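Me: I'd like to go through some of the labels on this model and see what each one rests on. Can we take them in turn?

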Amino acid sequence: MEDEVDRLVAAWRRERPDLDVEPLEVLSRVSRLARHLDRARRLAFAEHQLEPWEFDVLTALRRAGTPYQLSPGQLLTQTLVTSGTMTNRIDRLTKKSLVERLPDPSDRRGVLVRLTDEGRDRADQALAGLLDQERAILAELSRTQRGELAGLLRQLTAPFDNIPG
């Protein structure tokens, strides 16, 4: 079975036989798959009236476990955005009644962000929809192949995920 990357690589090999274009065979496929995944995620989230960034914040809180709350700093760490962006996101989610701000009992000047019941329900529903979309994307692979692919991708991503700072 041939795909678009096979055609792209063949064209580069014809036009630039002096270059080793082998990395394109892997990374162009990863890039194309990421675009397909982004579309599937947006569709899954839109079905639950959520933007991708809303899903990221809500699910960070959901994964925290009962009482589903984190400090804004903890949310920053998990979502990799600036403090100004996070403040804006918390404001917008608060207006939608998906999260609430509470005083931090361990820091009189601090706040905690807590998932509301509606926020938890929307996060759970959107996650279920996302997993359906992702299962469809992976349907061509066996369970063993999915495990092997996950391990290989982990080898590539772990160094980036473990860079200090």
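Reply: Sure, here is how a few labels follow from the values; keep in mind that this is a predicted model.

Me: Why is Leu 149 called partly exposed?

Reply: Leu 149, which lies in helix 7, has 33% relative accessibility. Buried needs under 20% and exposed needs over 50%, so 33% lands in between and the label is partly exposed.

Me: What makes Leu 149 eligible for a nonpolar surface patch?

Reply: Patch residues need over 30% relative accessible area, and Leu 149 has 33%, so it clears that cut-off. The patch covers about 700 Å², and its members include Val 26, Leu 27, Ile 137 and Leu 149. Helix 2 gives the most, with four residues.

Me: How do you know that Asp 104 has no salt bridge?

Reply: The nearest side chain of opposite charge, Arg 114, is 9.9 Å away. A salt bridge has to be within 4 Å, so that pair doesn't count. Asp 104, in strand 2, is buried all the same.

Me: What makes the Asp 104 and Ser 106 side chains a polar contact?

Reply: They are 2.8 Å apart, and the limit is 3.5 Å, so the pair qualifies.

Me: And why is Arg 114 called partly exposed?

Reply: Arg 114, found in strand 3, has a relative accessible area of 27%. That is not under 20% and not over 50%, so partly exposed it is. Its side chain also makes a polar contact with the side chain of Gln 69, at 2.9 Å.

Technical notes: Residues are numbered from 1 along each chain as its sequence is written. This is a predicted model: local features need pLDDT of at least 70, side-chain atom pairs count only at pLDDT 80 or more; totals for chains, interfaces and linings use all residues. Side-chain values use heavy atoms; hydrogens and water are left out. Patches are made of residues with over 30% relative accessible area and no salt bridge: like charges are joined within 9 Å, nonpolar side chains (Val, Leu, Ile, Met, Phe, Trp, Tyr) within 5 Å. Accessible areas come from the Shrake-Rupley method with a 1.4 Å probe; for residues, only the protein chains shown count as cover. Helices (H or I, at least four residues) and strands (E, at least two) are DSSP runs, numbered from the N terminus. Buried means under 20% relative accessible area, exposed over 50%, partly exposed in between (1.4 Å probe, protein chains only). Lys and Arg count as positive and Asp and Glu as negative; His and the chain ends are not counted. A polar contact is a pair of N or O atoms within 3.5 Å; within protein, one must be able to donate a hydrogen and the other to accept it, and residues adjacent in sequence count only if both atoms are side-chain atoms.
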